[in-house]
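Here is a short report on one protein chain. It works from the overall fold down to single contacts.

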Amino acid sequence: MALPAALILLSLPCSSFGLAAQRRRAVRRRASPTVAPEPSEAESRFGRQSYWDGVYADEAAFSWYCGWADVEPLWLELVPDRAARVLVPGVGNDDAAVGLVDAGFTSVAASDYAPEGVARARARLGDERADRVDLRVADARSLPYGDDAFDAVFEKGTLDAVFLSGGRDKALAYDQLRLCAAELARTVRRGGVVLSLSAPATEPIDRAFRECRSDGGGRCWKQLIDGDSFVTDDGFASINVDATILAWERL
């Protein structure tokens with residue numbers, strides 16, 4: 001006769017439970033990545049400040065994957081409140097911050113890993129707009145903002161660049177994305193959203209958000225847009241966006 005499940009559990013030695021707990025702790029320890037040092041030029045130029053400083057110095061403006069007008073209707077459907085606290089990581093020479101301010105958003109922060117990227121963003125914004133934007137040099141893997149500091153995040157290609165900074169070491173590259181997902185989970189309030197436009201690293205970015213866990217083990221993110229073409233309630237279609245669109249809500 002088979003024993004009831006409860007009796008089977010009670011018959012297990014305490015050491016079995018202790019060993020299982022040790023294994024879980026070991027997995028958690030292995031699953032805690034750290035910010036990788038800046039790679040050499042041969043390993044990956046995308047992880048080097050000097051490379052991005054050069055890109056921004058050489059090109060005054062570049063719309064990564066699409067212009068603001070191509071994604072504004074989708075953004076406004078996800079984030080209709082113009083008073084929302086918005087972060088634009090990796091702003092560089094893209095006009096996303098300009099578009100947000102011109103669309104009436106009153107609390108915008110923008111950062112870039114490269115000092116020249118912040119200088120270029122300031123120039124793109126102009127003095128009047130720049131005075132209303134919190135501009136900082138910052139690493140997306142270790143953000144200089146407090147917990148629950150933002151209601152929404154708008155990123156175009158920044159997470160792609162973080163992944164590419166790992167070069168041929170895809171495990172290292174993925175670990176850097178996990179840091180980004182965790183930092184966004186820390187700095188975005190519950191119910192807040194992240195909109196991400198990605199091309200070369202869509203799958204690992206999506207996985208990093210799906211696998212992101214809180215200290216208590218719960219999921220950090222619920223997916224809102226999974227990469228398929230998106231049509232807003234007003235009929236706007238995302239066909240002019242030369243990237244995969246992903247979006248998540250902070251749980």
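The text below covers the sheet, the helices that pack on it, one helix pair and one residue.

**Overview**

The model is predicted. The chain holds nine helices and seven strands. It has 251 residues, of which 44% count as buried. Long-range contacts are frequent in the count: among contacts with a separation of 6 or more, 75% link residues 24 or more positions apart.

**The sheet**

Seven strands form an open sheet with mixed pairing, in the order 3-2-1-4-5-7-6. Strand 3 (133-137) and strand 6 are the edge strands, and each pairs on one side only. Neighbouring strands are turned by 15° against each other on average, with direction ignored.

Three of the pairings are listed here.

| Strand pair | Bridges | Direction | Opposite residues |
|---|---|---|---|
| Strand 1 (residues 85-89) and strand 2 (residues 107-112) | five bridges | parallel | proline 89 and serine 111 |
| Strand 1 (residues 85-89) and strand 4 (residues 150-156) | two bridges | parallel | leucine 87 and valine 153 |
| Strand 4 (residues 150-156) and strand 5 (residues 188-198) | six bridges | parallel | phenylalanine 154 and leucine 195 |

How many residues of strand 4 are buried? Seven of its seven residues are, and the strand is mostly covered. In the strand order, strand 4 sits between strand 1 and strand 5. Strand 4 is joined to strand 1 by two bridges, and to strand 5 by six.

**Helices on the sheet**

Strand 1 also pairs with strand 2, through five bridges. Helix 4 (residues 68-78) packs on the sheet. Helix 4 touches strand 1, strand 4, strand 5, strand 6 and strand 7. The direction of helix 4 makes about 155° with that of strand 5. Helix 8 packs on the sheet too, touching strand 1, strand 4, strand 5, strand 6 and strand 7. For helix 8 the angle with the direction of strand 5 is about 140°.

**Helix 8 against helix 9**

Helix 8 (residues 170-187) also packs against helix 9 (residues 202-211). The axes are 9 Å apart and the angle is about 50°. Is the pair parallel or oblique? At that angle, helix 8 is oblique to helix 9. The crossing is right-handed.

On the helix 8 side, the contact uses Tyr174, Leu177, Arg178, Ala181 and Leu184. Helix 9 supplies Pro204, Ile205, Arg207, Ala208, Phe209 and Glu211. The contact residues divide into eight nonpolar, no polar and three charged.

Which residues of helix 9 are buried? They are Thr202, Pro204, Ile205, Asp206, Ala208 and Phe209. Of these, Pro204, Ile205, Ala208 and Phe209 also meet helix 8. The cover over the buried residues of helix 9 includes helix 7, helix 8 and strand 5. It also includes strand 6 (221-226) and strand 7 (244-250).

**Valine 162**

Valine 162 lies in helix 7 (residues 158-164). Is valine 162 buried or exposed? Its relative accessible area is 11%, so valine 162 is buried, the cut-off being under 20%.

Leaving out residues up to four places away in sequence, valine 162 touches Arg141, Gln176, Leu177 and Cys180. Leu177 is also one of the helix 8 residues that meet helix 9. The C-alpha atoms of valine 162 and isoleucine 205 are separated by 9.9 Å, and the two residues are 43 residues apart along the chain. Ile205 is itself among the buried residues of helix 9.

Technical notes:
Residues numbered from 1 in each chain as written. Predicted model: local features only at pLDDT ≥ 70, side-chain atom pairs only at ≥ 80, totals over all residues. Heavy atoms only, no water. Buried < 20%, exposed > 50% of the residue type's maximum accessible area, 1.4 Å probe, protein only. Helix = DSSP H or I, 4+ residues; strand = E, 2+ residues; numbered from the N terminus. Pairing = 2+ DSSP bridges. Contact = heavy atoms within 4.5 Å. Axes fitted to C-alpha atoms, helices over the stretch in contact; angles between N-to-C directions. Parallel < 35°, antiparallel > 145°, perpendicular 65-115°, else oblique. Left-handed = near helix turned anticlockwise from the far one by under 90°. Nonpolar A, V, L, I, M, F, W, Y, C, P; charged D, E, K, R; others polar.
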